[in-house]
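Have the model open and ready to rotate. We'll start from a single residue and work outwards to the way the chains fit together.

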Amino acid sequence: MKTVSPTEVVVSQPSAPIVSYGVRLRQFARECWSDRLSYLFLAPFLLCFICFIIVPVIIAILLSLTSFNGFDFPRFIGVSNFIYMFTQDVVFMKYTIPNTLKFAIVVGPGGYIFSFIFAWLIHQLPKSIRDYFSLALYAPSMVAGVALTMVWTATFSGDSIGYLNQILLSLGIIESPQLWLQDPKYLMTIMIIVTMWTSMGVGFLAMLGGLQTVNTELYEAGRIDGIKNNLQEVYYITIPSMKPQMLFSAVMAIVGAIKAGSISSGLTGMTITPQYAGHVINNHIYDYAFLRYEWGYASALSVVLLLLSYTIMKLCYKVFGTKEDE
Amino acid sequence: MLLSFRKQITFSRISLVVFLTGIGIFMLLPIIFLFNNAFKPLNELFLFPPRIFVQHPTMYNFEQLFLHTSAGVVPFTRYLFNSVFIALITTFSVLIVSTMAGYVLSKHRFHFKAFIMGAILIALMFTPETVAIPRYLIVSGLGLKNSYLAHILPFLASPVAVFLMKQFIDQIPTPLIEAAKLDGATDMYIFIRIIIPLTSPAVATAAIITFQTVYMDVEGSTLYMTKETMKTLAYYVEAMTLNIPGVAQISIASSIGLLMFLPNLIIFLLFQRKMIQTMLHSGVK
């Protein structure tokens with residue numbers, strides 16, 4: 001008996017679409033094979049990208065639907081984690097969300113606007129001295145992280161040896177040393193100031209680069225068209241001309257704001273800050289993941305964070321995205 | 001704008017320079033502090049009223065650092081070696097991997113290219129902190145715990161580096177590469193002899209960014225390493241500062257703070273100009 005290979009069957013089928021599918025599939029495979037070098041070049045990055053970014057995100061989404069303590073096999077519980085998050089998690093509703101919003105709204109757009117203002121001001125200077133100023137502004141973001149906590153703990157130290165206490169005491173503004181980092185009243189403000197300090201990072205450099213790409217003839221043309229002051233110039237010429245860089249630094253600002261969230265534990269030396277004063281979503285995730293080992297719920301929290309940052313990024317694309325005809 | 005500035009070179013420009021100098025000094029305060037503290041003798045560290053500038057600089061803190069920690073279970077030099085070794089290997093690998101990926105994404109045509117580019121653009125906003133648990137599961141699943149690979153491999157997935165590379169390679173004229181192909185150059189030859197020399201600014205930039213991230217990273221040490229000998233300097237500093245500081249610890253901490261900062265500064269100063277040059281092409285279109 002004659003055996004029929006699957007491909008022959010496909011080819012011998014009279015109906016046209018299936019034939020074209022088979023042919024197309026083979027052509028597709030051939031094209032993939034002829035592009036093998038491209039894939040080979042891409043492979044090391046792509047493998048790590050899948051392993052450490054795509055798969056973790058998928059696992060996080062799956063785990064968010066389970067109850068998982070890290071030892072037993074995850075138990076599927078549907079969306080209960082999310083329901084619990086928004087209905088029963090008192091700390092989340094009362095402290096985490098307001099703190100996160102407050103922190104993110106000030107630090108994200110705030111750092112972004114400051115980056116732009118300073119990049120623009122530096123760009124007005126003659127080329128020979130620009131580098132020194134950009135170095136000075138960029139430097140704090142190089143110290144960010146562990147080394148910086150040392151500086152800040154000394155500055156805001158609660159005894160009279162702390163620099164801030166000392167200055168305010170000698171100026172007579174306060175009468176006794178303040179516990180800056182332990183007092184819930186001040187912690188959030190200090191966190192925001194410290195983060196703003198370090199927010200002139202890659203995004204700031206991207207803006208400096210972007211300002212150099214603006215076609216200077218446009219400024220001349222703008223003046224003929226009746227642009228009166230610098231503010232109009234920035235709004236009508238500079239920003240539209242460097243939209244791509246603005247978008248890149250906006251994305252970097254989002255990343256910076258998310259990363260900076262865990263600064264409270266660096267400042268106070270405590271994972272959970274006094275009265276949840278500096279408790280943002282990062283701390284909440286850390287709390288559930290590594291102190292309570294409720295990994296399912298922690299994953300649900302990280303999914304919310306991922307969704308949130310994705311939405312904000314989409315919003316930035318809407319504002320700064322280049323249209324097809326530009 | 002430039003013309004208008006030349007006319008009013010007197011007042012507005014000088015006030016701008018003065019203003020920016022003020023801001024610059026304000027921004028540099030923590031760094032000035034870091035440098036001074038590292039060389040302060042013990043009595044000045046606890047001086048009242050506190051002074052920012054050091055009066056009698058000594059190397060006492062650094063001596064303490066070496067003496068104190070060499071007696072410990074894991075000597076300080078081991079952390080330092082781990083940090084430098086990991087940072088150098090990782091930076092080097094990220095550069096190679098990202099340049100290869102950037103070249104292919106920029107100059108080759110193949111299926112899934114648009115899809116992969118889209119994924120990279122979304123992943124620009126990715127922060128490892130958000131998915132620490134799945135990453136931990138993967139690292140331990142692959143059996144990488146307590147190995148240098150666990151420090152290195154997660155960083156190779158660097159969308160920002162690939163993106164910067166791709167944008168930079170985009171502006172290398174395609175006819176140049178086609179001409180080389182006509183002359184019989186293979187892809188490998190083009191990559192090594194044309195692409196790599198022409199992308200040196202982007203390579204420098206990616207090097208700065210990667211080195212900083214890796215050198216400062218504590219996640220690898222806290223999550224994937226259980227052996228003390230595999231942890232990095234950044235972790236050691238954090239462990240040091242998070243514990244309640246005693247007298248000796250403050251002195252050690254201030255010297256180690258400087259050690260954490262210096263490599264970053266040196267690398268940045270070396271490549272600063274190239275960095276701005278790369279950023280000209282950093283736009284997301």
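L205(A) counts as buried because it has 28 C-beta neighbours inside 10 Å, and the bar for that label is 20 or more. Bear in mind as you look around that this is a predicted model. You'll find L205(A) in helix 10 of chain A, the stretch covering residues 202–213. So who sits around L205(A), once residues up to four places away in sequence are set aside? The answer is Y138(A) from chain A, plus M275(B), I276(B) and M279(B) from chain B. For a sense of scale, try going from L205(A) to C48(A): the two are 157 residues apart in sequence, and their C-alpha atoms are 27 Å apart in space.

From there, step back to the nonpolar core. The largest one has 156 residues, and the members that touch the most others are V251(A), L301(A) and A206(B). Helix 13 of chain A, residues 243–260, supplies the largest share of this core, with twelve residues. Both domains of chain A take part too, with domain 1 and domain 2 each giving at least three residues. Pick out L301(A) for a closer look: leaving aside residues up to four places away in sequence, L301(A) touches M85(A), I281(A), H284(A), I285(A) and Y288(A).

Those two domains deserve a look of their own. Chain A splits into domain 1, residues 6–64, and domain 2, residues 92–320. Their C-alpha centres lie 42 Å apart. How many residues of each are in contact with the other? Five residues of domain 1 of chain A meet seven residues of domain 2 of chain A. On the domain 1 side, that set breaks down into four nonpolar residues, one polar and no charged.

Now swing over to chain B. Its secondary structure comes to 15 helices and zero strands, and its C-alpha atoms fill a box of roughly 70 × 65 × 35 Å along the principal axes. Of the 285 residues in chain B, 42% are buried. If you take the contacts in chain B between residues at least 6 apart in sequence, 76% of them join residues at least 24 apart.

Next comes the place where the chains meet. Chain B puts 71 residues into the contact and chain A puts in 76. On the chain B side, the elements giving two or more residues are helix 2, helix 5, helix 7, helix 8, helix 12, helix 14 and helix 15. Helix 15 of chain B makes the largest contribution to that side, twelve residues. By class, the chain B side has 52 nonpolar, 14 polar and five charged residues.

One helix pair is worth zooming in on. Helix 3 of chain A, residues 36–63, and helix 7 of chain B have axes that come within 8 Å and cross at roughly 115°. The crossing is right-handed. Which residues make this contact? From helix 3 of chain A come C51(A), F52(A), V55(A), P56(A), I59(A), A60(A) and L63(A), while helix 7 of chain B brings I133(B), P134(B), R135(B), L137(B) and I138(B). Sorted by class, that contact between helix 3 of chain A and helix 7 of chain B has eleven nonpolar residues, no polar ones and one charged.

Definitions and conventions: Residues numbered from 1 in each chain as written. Chains lettered and ligands numbered in written order. Predicted model: local features only at pLDDT ≥ 70, side-chain atom pairs only at ≥ 80, totals over all residues. Contact = placed C-beta atoms within 7 Å. Helix = DSSP H or I, 4+ residues; strand = E, 2+ residues; numbered from the N terminus. Nonpolar A, V, L, I, M, F, W, Y, C, P; charged D, E, K, R; others polar. Domains from an automatic or database assignment. Axes fitted to C-alpha atoms, helices over the stretch in contact; angles between N-to-C directions. Left-handed = near helix turned anticlockwise from the far one by under 90°. Buried ≥ 20, exposed ≤ 12 C-beta atoms within 10 Å, placed from the backbone. Core = buried A, V, L, I, M, F, W, Y, C linked by C-beta atoms within 7 Å.
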